[in-house]
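Here are some questions that a careful newcomer might ask on first looking at this model, each followed by an answer that sets a value against a rule.

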Amino acid sequence: MRRFSALCLCLALLLPLSVRSADEFKLEPGFKLIFNGKNLDGWAPKMTGYPLCEKHADTFRVANGMLQASYDKYAKFEDKFGHLFYDRQKFSHYIIAAEYRFVGEQVAGGPDWAIRNNGLMLHSQSPQSMGKDQDFPISVEVQLLGGLPNGKPRSTANMCSPGTQVFIN
């Protein structure tokens, strides 16, 4: 069985995302802050069709102490799925805390299933092992979902596992 230990913030999202400023987080004893609120040091972006760490169209950025993923500089989507990997340390036993929100509209040409769809990839292949044109890392993801523009109800999260089999007893 292959062991996945990279932590990835999956931003296969097609609209802007913001999280609370790192300065606002109250860190409990024993926890480690992995986002500094100033820049993307320690984070490696991977966009479909581009090599690891190439910063395509300013998709991932820090503004006002918040990590943001935005496709606002894209004319249309063209299957440019993006992922942001934390690459300073590998984790195997951890608790993760994140706060998120969806803002703006989906970029033109994005798939319907991706409306207000983002995630935290908890176990993933390493970003270095991803192919240049690979859409998603092999992973287990907590998929974060926002409300639909048409008002239809849906869950706010689910498990997504591209390239991975999950067995639940």
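Q: What makes Leu-27, Phe-31, Leu-33 and Ile-95 a nonpolar patch on the surface?
A: A patch is made of residues with over 30% relative accessible area and no salt bridge, where like charges are joined within 9 Å and nonpolar side chains (Val, Leu, Ile, Met, Phe, Trp, Tyr) within 5 Å. Leu-27, Phe-31, Leu-33 and Ile-95 form such a patch, with about 390 Å² of accessible area together, a value from the Shrake-Rupley method with a 1.4 Å probe, in which only the protein chains shown count as cover for residues. This is a predicted model, in which local features need pLDDT of at least 70 and side-chain atom pairs count only at pLDDT 80 or more, while totals for chains, interfaces and linings use all residues. Residues are numbered from 1 along each chain as its sequence is written, and side-chain values use heavy atoms, with hydrogens and water left out.

Q: Why is Phe-31 called partly exposed?
A: Buried means under 20% relative accessible area, exposed means over 50%, and partly exposed lies in between (1.4 Å probe, protein chains only). Phe-31 has a relative accessible area of 37%, and is therefore partly exposed.

Q: Why does Arg-61 count as buried, and why does Lys-73 count as exposed?
A: Arg-61 has 15% relative accessibility, so Arg-61 counts as buried, whereas Lys-73 has 52% and therefore counts as exposed. Asp-58, with a relative accessible area of 31%, is partly exposed.

Q: How do you know that Asp-58 and Lys-73 meet in a salt bridge?
A: The rule asks for a side-chain nitrogen of Lys or Arg within 4 Å of a carboxyl oxygen of Asp or Glu, and the N to O value for Asp-58 and Lys-73 is 3.0 Å, so the pair qualifies. This pair links distant parts of the chain, 15 residues apart, with Asp-58 in the loop between β3 and β4 (60–63) and Lys-73 in the loop between β5 and β6; strands (E, at least two residues) and helices (H or I, at least four) are DSSP runs, numbered from the N terminus.

Q: Which salt bridges does Arg-61 form?
A: Arg-61 forms a salt bridge with Asp-58, the closest N and O atoms being 3.3 Å apart, and the side chains of Arg-61 and Asp-72 meet in another at 2.7 Å, N to O. Asp-58, Arg-61, Asp-72 and Lys-73 are linked in a network of salt bridges.
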